[in-house]
Amino acid sequence: MKNNASLVYSVFLILGDFVALVAAFTVAYVLRVTLDHTQISAHIEALTYIGILATLLPFFIIIFGLLGLYSARVLGNRFAELGRLAIVCFVGILGVISYSYIANVRIFPARLVTLYGFLLALCFVLLFRTIARGIRRLLFKYGVGIANVLIVGDTPLTLELIRLLADTAATGYNVAGVVGSDDFRPAKSAHIACFDTFDDAVARLGGELTTIVQTELYASGSRNDHILVYAQEHHLDYRFVPGNSELFVGKIEAELFHSVPVIAVHQTALIGWGRVVKRLTDLVLSTVAIIVASPIMLLTAIAIKLDGGGSVFFRQTRLTRDDKPFRVFKFRSQYPQYDGTTPEQAFALMGKPDLGVQYRANGDMLPDDPRITRVGRVIRRLSIDELPQLFNVFLGDISLVGPRALIPQELAAYKKRHAILSVKSGITGLAQVSGRRNISFDERRQLDLYYVQNWSFWGDLVIMARTVSAVLMQRGAE
């Protein structure tokens, strides 16, 4: 039995989005033309205005679809959904204005209607989708639209799926049964039917199933084919979990390799046009930031010189994409005698090797680090010491956003360094905005790895915005 609940929900969203957009632009018209008695630039009848918009608004819906606003992946992430809605509403408004110019047709009676329309469209669509999500969850509680899942395989991932799908009212999935060996019966503790063979399972549950998830590919190709053919013949959703999950991270593409269909697994999603856009963004934003921050950098350099002399800048060899070493620029925040040393070496020089252990255990941070100068404490707390790295970004050594640039010794023992170094290092990154210095070394590297494998341009913008917020609020600063 094929479950059409997702299709119905998508159609409901399309219709609801359209109604919300019509309502938004109608209210925008009323706010400016009816309630505001200021002179308008053109007299457009209300019915004519609504008629033209009703014809053009499908353009919005098409962009909604192109940006994935009807896909489960985006619908499950409210922040991503909000960002894409804002982009679509803005692009849609530009499209309507462009049509008005090209067709030489006046659509908006006043410029403020355009602004009101954009803001109200974003609010109305977001409100509708929030209500729609609540209605869908309410229906889940009454068993409407539930997808019944059969899990085939007795791997640890089977138990993980059972745990993740346990809250049917929230996920919309119900694990109806598990196919496993005689030794695999942990699923019974969750009151889930267990079967020795796939045929036994479908004989018992066949009419109720909507989805089959195979967590184990059998050595016998015929057994795998039997499961897949059954799903196709009965129009069931079919998914399988690869045994080697490391192969299926980053960017996955289906392509022809000399006429042979293959799956291409790229180490990172940051390939092709993404690298071009990211580099252009780095050039533009780093240039602007250098100009804006130049007075602060000049004052910082003077303060460092007055605070005991020594070099203004701290230079160190670190690693970036493809294991390429580069010289990072930072304002010197520690005493000159500790330049070029690792934390362990510096603490050993001052006769306090135990501080090195405490430093690492505390997430590479000490509340009163004896290596740091008076000016250094201030510029670290305000993250001013990082500003010279803007020149590294401009030169192309690193990016504004990326994994933290580390020295070779720190990455030497990390077994997935090759994945982290498949993209340029960055001034800020997912690890920094997820706790900055309040999380361990291994946790930060896991976040770096996630960024590499799941890069998106929108994600970079979010990280930059969160970085600015973290710096202003001084959250997790050293």
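This note goes through the predicted model point by point, from its overall make-up to single residues.

1. Overall make-up. The model is a prediction, and its secondary structure comes to 20 helices and 11 strands. The protein has 478 residues, of which 43% count as buried. Among the contacts with a separation of 6 or more, 68% are between residues that lie 24 or more positions apart.

2. The parallel sheet. Five strands, in the order S3-S2-S1-S4-S5, make up an open sheet whose pairing is parallel. Its edges are formed by strand S3 (193-195) and by S5, each of which pairs on one side only. From one strand to the next, the twist averages 25°.

3. Strand S4 and its two partners. Strand S4 covers residues 211-214 and is joined by four bridges to strand S5, residues 237-240, with the two strands running parallel. Strand S1, residues 147-152, is likewise parallel to S4 and is joined to S4 by four bridges. For a reader who wishes to follow the register in the structure, Val149 stands opposite Thr211 of S4, Leu150 has Ile212 of S4 as its bridge partner, and Gln214 stands opposite Phe240 in S5.

4. The side chains of S4. Which way do the residues of S4 point, and are they buried or exposed? Thr211 and Val213 point one way from the strand, whereas Ile212 and Gln214 point the other way, and all of them are buried. Gln214, then, is a buried residue of S4 that also has Phe240 opposite it in the neighbouring strand S5.

5. The connection from S4 to S5, and helix H10. Four bridges join S4 to S5, and between these two strands the chain passes through helix H10 (residues 221-233), giving a β-α-β crossover that is right-handed. H10 lies across S1, S4 and S5, and runs at about 160° to S4.

6. Helix H3 against helix H5. Helix H3 (residues 58-66) packs on helix H5 (residues 78-103) at an angle of about 145°, the axes being 9 Å apart, and H3 passes H5 in a right-handed crossing. On the side of H3 the contact is made by Phe59, Phe60, Ile63 and Phe64, while H5 contributes Leu85, Val88, Cys89, Val91, Gly92, Ile93, Gly95 and Val96. Sorted by character, the residues of this contact are 10 nonpolar and two polar, with no charged residue.

7. Helix H5 against helix H6. H5 also meets helix H6 (residues 111-141), where the axes come within 10 Å and cross at roughly 145°, and this crossing is right-handed. H5 takes part through Arg78, Glu81, Leu82, Leu85, Ala86, Cys89, Phe90, Ile93 and Ile97, and H6 through Thr114, Phe118, Ala121, Leu122, Val125, Leu126, Arg129, Thr130 and Arg133. The contact of H5 with H6 divides into 12 nonpolar, two polar and four charged residues, whereas the contact of H3 with H5 has no charged residues. Leu85, Cys89 and Ile93 of H5 appear in the contact with H3 and again in the contact with H6.

8. Asp448. This residue has its place in helix H19 (residues 441-453). Is Asp448 buried or exposed? With a relative accessible area of 1%, Asp448 falls under the 20% cut-off and therefore counts as buried. Its C-alpha atom is separated by 7.4 Å from that of Arg404, although the two residues are 44 residues apart along the chain. Apart from neighbours within four places in sequence, Asp448 is in contact with Pro403, Arg404, Ile420 and Ala431.

9. The loop between S8 and S9. Two residues deserve a look at their backbone here. Asp322, in the loop between strand S8 (313-320) and strand S9 (324-331), has a positive phi of about 60° although it is not a glycine. Asp323, which lies in the loop between S8 and S9, also has a positive phi of about 60° without being a glycine. As to accessibility, Asp322 counts as exposed because its relative accessibility is 60%, while Asp323, at 36%, counts as partly exposed.

Conventions:
Residues are numbered from 1 along each chain as its sequence is written. This is a predicted model: local features need pLDDT of at least 70, side-chain atom pairs count only at pLDDT 80 or more; totals for chains, interfaces and linings use all residues. Side-chain values use heavy atoms; hydrogens and water are left out. Axes are lines fitted to C-alpha atoms, for helices over the stretch in contact, and angles run from 0 to 180 degrees between N-to-C directions. A crossing is left-handed if the near helix is turned anticlockwise from the far one by less than a right angle, and right-handed if clockwise. Contact means heavy atoms within 4.5 Å. Ala, Val, Leu, Ile, Met, Phe, Trp, Tyr, Cys and Pro count as nonpolar, Asp, Glu, Lys and Arg as charged, and the others, Gly among them, as polar. Two strands pair if DSSP finds at least two bridges between them. A crossover is right-handed if, with the strands pointing away from the viewer, the path from the first strand over the helix to the second runs clockwise. Buried means under 20% relative accessible area, exposed over 50%, partly exposed in between (1.4 Å probe, protein chains only).
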